[in-house]
Amino acid sequence: MTATAFATLFMPMKKKTLRRLPHPVLIGLMGCGKSSIGRRLAKKTRMPLVDLDDVIVEEAGMSIPEIFAAHGEEHFRDLESVALANQIGKRVVLASGGGVVLRKPNRKLLKSHPPVIWLKASPEFIAARIAGDPNRPLIAGQDALVRLTALAEERYPLYEECADLVIDRESMDKDGITEKIIKYLKKKAKA
Ligand code: S3P
């Protein structure tokens with residue numbers, strides 16, 4: 001690790017810089033690392049992490065697979081849209097669910113609350129990490145790679161449309177990605 005990388009990740013930020021940091025929203029396909037990178041960012045920026053899936057589960061009192069099974073995907077998307085509208089704009093690191101970009105009003109909300117950061121990863125990269133995960137109803141019982149390829153085809157243009165910053169998730173480890181995002185946020189805080 002270089003000295004600059006070390007400083008970006010481990011030296012505390014000045015209060016003035018912390019106050020001015022914009023509130024990042026992470027988007028991207030399931031399993032690209034939104035929650036784990038979100039946790040690192042939250043620690044570093046001293047903002048709370050809000051994981052949109054956790055908000056939905058908490059409010060519904062059911063797990064995501066249970067919501068899908070009992071009420072279907074559209075109902076889940078309704079809950080997701082409400083949760084997004086309630087959380088966006090707060091002083092938090094917001095880790096969204098992979099399908100949050102599907103609805104146009106959600107995309108409009110995202111675009112009006114920069115910075116939106118897309119952790120871009122290929123279906124192959126993600127399939128290797130999440131195949132067999134029982135908590136992901138959209139790939140349950142299917143070939144993860146085939147399903148993720150279809151999701152990527154549909155969603156990449158939508159992520160692209162919303163993103164202020166696109167990060168190649170496969171180019172670095174999670175600390176490297178975190179460092180890159182912090183640098184970006186600091187630059188925005190100074191602008
Ligand atoms: C979904 C992704 C999940 C969760 C739900 C639907 C999707 O979130 O919201 O299972 O449509 O891609 P993660 O991206 O956090 O896994």
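## Salt bridges

The predicted model has 9 salt bridges in total. Side chains of opposite charge can pair when their charged atoms come close. Three of these pairs are described below, with their places in the fold.

## Within helix α6

E73 and R77 form a salt bridge through their side chains, with an N to O distance of 2.9 Å. Both residues belong to helix α6, which spans residues 73-87. They sit 4 residues apart, about one turn of the helix.

Are the two partners buried or exposed? E73 is partly exposed, at 30% relative accessible area. R77 has a relative accessibility of 4%, so R77 counts as buried, under the 20% limit.

## From helix α6 to a loop

E74 pairs with R103 in another salt bridge. Their closest N and O atoms are 3.0 Å apart. R103 lies in the loop between β3 (93-95) and α7 (104-111), whereas E74 is in helix α6. The pair therefore ties together parts that are 29 residues apart in sequence.

The accessibility values of this pair are as follows. E74 is exposed, with a relative accessible area of 53%. R103 is partly exposed, at 23% relative accessibility.

## Within helix α10

The side chains of E179 and K183 also meet in a salt bridge, 3.3 Å from N to O. Helix α10 (residues 174-190) holds both, 4 residues apart. That spacing is about one helical turn.

E179 has a relative accessible area of 15%, so E179 is buried, under the 20% limit. K183 is partly exposed, with a relative accessible area of 40%.

## A shared network

Which residues are joined into one network by salt bridges that share partners? They are E73, R77 and E80. Two of these names, E73 and R77, are the helix α6 pair with the 2.9 Å contact.

## The ligand site

The ligand sits in the largest pocket. It is surrounded by 13 residues. The closest are K34, D53, R77, R136 and R155. R77 thus appears in two settings: in the list of residues closest to the ligand, and in the salt bridge with E73.

How far do N or O atoms of D53, G99 and R155 lie from ligand oxygen atoms? For D53, a side-chain N or O atom is 2.7 Å from a ligand oxygen. For R155, a side-chain N or O atom is 2.6 Å from a ligand oxygen. G99 uses its backbone: one of its backbone N or O atoms lies 3.5 Å from an oxygen atom of the ligand. On its own, the ligand has 380 Å² of accessible area, and the protein covers 94% of it.

Technical notes:
Residues are numbered from 1 along each chain as its sequence is written. This is a predicted model: local features need pLDDT of at least 70, side-chain atom pairs count only at pLDDT 80 or more; totals for chains, interfaces and linings use all residues. Side-chain values use heavy atoms; hydrogens and water are left out. A salt bridge is a side-chain nitrogen of Lys or Arg within 4 Å of a carboxyl oxygen of Asp or Glu. Helices (H or I, at least four residues) and strands (E, at least two) are DSSP runs, numbered from the N terminus. Buried means under 20% relative accessible area, exposed over 50%, partly exposed in between (1.4 Å probe, protein chains only). A residue is near a molecule or strand if one of its heavy atoms lies within 4 Å of it. A polar contact is a pair of N or O atoms within 3.5 Å; within protein, one must be able to donate a hydrogen and the other to accept it, and residues adjacent in sequence count only if both atoms are side-chain atoms. Accessible areas come from the Shrake-Rupley method with a 1.4 Å probe; for residues, only the protein chains shown count as cover. On a 1 Å grid over the protein atoms alone, a cavity is a set of points where a 1.4 Å probe fits but cannot get out, and a pocket is an open set with protein on both sides within 12 Å along at least five of seven lines; lining residues have an atom within 4 Å of a point. A molecule sits in a cavity or pocket if more than half of its atoms lie within 2 Å of its grid points.
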